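Please open the structure in a viewer and keep the sequence at hand. The tour below proceeds by selection, one region at a time.

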Amino acid sequence: MPYRRTSDEIQAEIDRKPWLREVSGFAAQHTMISPYARTTVVKSPDVVVRGRWDRSVEGFVGEELLLNHRREPANLGTRLGVSRFFEPDAALASCHLDLSEDLSGALELPKPKQLRAGLTSTVASRRSHRRFSGQAVRLVDVATVLHHVQGVSGEIANGQHSEPDATVKLRMSPSGGGLYPVHVYLFAINVAGLAPGAYRYLPSHHRLAPIGGAIPLDRLLPLLDFTDFPAGDGGFALTYVYDLYVNSRKYGDSGLVYALIETGGMSLNAHLAATALGLRGCDQGGYDKPRLEQALGLDSVSQHVVHFTVIGDEG
């Protein structure tokens, strides 16, 4: 039976650590039922959370997602979806992901650098920076970051009888089922040798495909208008776009969960590569999602911006 502290012991601990009272007070706010959750005009996240015990209050979309996330290994629907991807046609589709990359007008990128920095020192020195010098970033450094985010790292044999020499191209970041539903887009802000604008990274060919032609800085920077730091002083920004149907056909509602895990791995690789190159970056959650998706030509139904990273020279 777990030991329970007496009231005197609790009071003595609070006297020794007075900040515990404030911490416990904050925690208590998120476990109380709010009588205003149904009627408040501006439903802030904490009000919705505090009203969740009242059945008449609508929950978070995230809560609905987790409730529909695969609940048990024996889920028949999930097993059927996964087994479908062991069929020859699905397996061969993984070998030819390069066919989805339109090379018309695509720009060749420099060969990425082989980074020599130690892993422990790179991880330990990584910091989020919100101030950049405004100096131009070299195109080879951009290419190196992109390669470490999602570039091809090798290949494995597919073993299909209809195409015995087919291989599956592996990438630098892991992906559930090797489906790679998250695409990387680049906003070039201040990159030497690259016109400002939006580009899609084509990992199979290590190229950049321009999106809608060059975008002047006076039109580009409002898309990157963040409240806590001036993105215009950075070198470039990475935008991670999730294509909903790519892995949902296999994993159902769990596909989004796996895609967000994948995005985290890609973002981490971006930060580690940037750190090893002497650059700095900052993840950003306060972006204007609809405007970014419109600028990138996304449908905002099956294609969604899910993350954003700004990288530049340290200020």
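The lining of the second largest pocket consists of nine nonpolar residues, four polar residues and one charged residue. The model in view is a predicted one. To find this pocket, select Phe85, Ala91, Ser94, Gly177 and Lys250, which lie nearest its centre among the 14 residues of the lining. The volume of the second largest pocket is about 220 Å³. Next, colour α6, β3 (152–157) and β4 (167–171), the elements that give two or more residues to the lining of this pocket. Which of the elements gives the most to the lining of the second largest pocket? That element is α6, with three residues.

**Helix α6**

Keep α6 selected and show its buried residues, which are Ala90, Ala91, Leu92, Ser94 and Cys95. Two of the names, Ala91 and Ser94, have already appeared among the residues nearest the centre of the second largest pocket. Now display α5 and β4, which are included in what covers the buried residues of α6.

**The largest pocket**

Helix α6 also leads to the largest pocket, since α6 (88–95) supplies at least two residues of its lining. The other elements that supply at least two residues each are β5 (182–188), β7 (197–202), β9 (236–243) and α10 (244–251). The largest pocket holds about 410 Å³ of space. To centre the view, select Leu97, Leu179, Tyr180, Val246 and Arg249, the closest to the centre of this pocket of the 24 residues that line it. Colouring the lining by class gives twelve nonpolar, six polar and six charged residues.

**Helices α5 and α10**

Two packed helices are described by the angle between their axes and the distance between the axes. Select helix α5 (residues 76–84) together with α10: the two pack at an angle of about 115 degrees, and their axes are 6 Å apart. On the α5 side, show Thr78, Gly81 and Val82; on the α10 side, show Arg249, Lys250 and Tyr251, for these residues make the contact. By class, the contact of α5 with α10 contains two nonpolar, two polar and two charged residues. Two of the α10 residues have been met before: Arg249 is one of the residues closest to the centre of the largest pocket, and Lys250 is one of those nearest the centre of the second largest pocket.

**Asp141**

Move to helix α8 (residues 139–150) and select Asp141 within it. Is Asp141 buried or exposed? Its relative accessibility is 4%, so Asp141 counts as buried. Apart from residues up to four places away in sequence, Asp141 touches Lys113, Leu277 and Leu279.

**Two residues with positive phi**

Most residues other than glycine have a negative phi. His206 can be selected next, with a positive phi near 50 degrees. His206 is placed in the loop between β7 and β8 (207–214). With a relative accessibility of 15%, His206 counts as buried.

Then select Ser300, in the loop between α12 (289–295) and β11 (303–313). Ser300 also has a positive phi, near 60 degrees. At 32% relative accessibility, Ser300 counts as partly exposed.

**Glu314 and Leu107**

Past β11, select Glu314 in the segment that follows that strand. Glu314 counts as partly exposed because its relative accessibility is 35%. Draw a distance from its C-alpha atom to that of Gly234: the two residues are 80 apart in sequence and 8.6 Å apart in space. Beyond its neighbours within four places in sequence, Glu314 is in contact with His129, Arg131, Phe132, Ser133 and Arg280.

Finally, select Leu107 in strand β1 (residues 107–108). Leu107 counts as partly exposed, at 34% relative accessibility. Leu107 and Leu194 are 87 residues apart along the chain, and 9.5 Å separates their C-alpha atoms. Setting aside neighbours within four places in sequence, the contacts of Leu107 are Leu194, Tyr199, Arg207, Leu208 and Pro210.

**The whole chain**

Clear the selection and view the entire chain, which has twelve helices and eleven strands. Of its 315 residues, 39% count as buried. The accessible surface of the chain is about 17900 Å², and 56% of that belongs to carbon and sulfur atoms. Among contacts between residues at least 6 apart in sequence, 71% join residues at least 24 apart.

Note on methods: Residues are numbered from 1 along each chain as its sequence is written. This is a predicted model: local features need pLDDT of at least 70, side-chain atom pairs count only at pLDDT 80 or more; totals for chains, interfaces and linings use all residues. Side-chain values use heavy atoms; hydrogens and water are left out. Helices (H or I, at least four residues) and strands (E, at least two) are DSSP runs, numbered from the N terminus. Buried means under 20% relative accessible area, exposed over 50%, partly exposed in between (1.4 Å probe, protein chains only). Contact means heavy atoms within 4.5 Å. On a 1 Å grid over the protein atoms alone, a cavity is a set of points where a 1.4 Å probe fits but cannot get out, and a pocket is an open set with protein on both sides within 12 Å along at least five of seven lines; lining residues have an atom within 4 Å of a point. Grid points are joined across faces, edges and corners, and a volume is the space filled by probe spheres set on the points. Ala, Val, Leu, Ile, Met, Phe, Trp, Tyr, Cys and Pro count as nonpolar, Asp, Glu, Lys and Arg as charged, and the others, Gly among them, as polar. Axes are lines fitted to C-alpha atoms, for helices over the stretch in contact, and angles run from 0 to 180 degrees between N-to-C directions. Accessible areas come from the Shrake-Rupley method with a 1.4 Å probe; for residues, only the protein chains shown count as cover.
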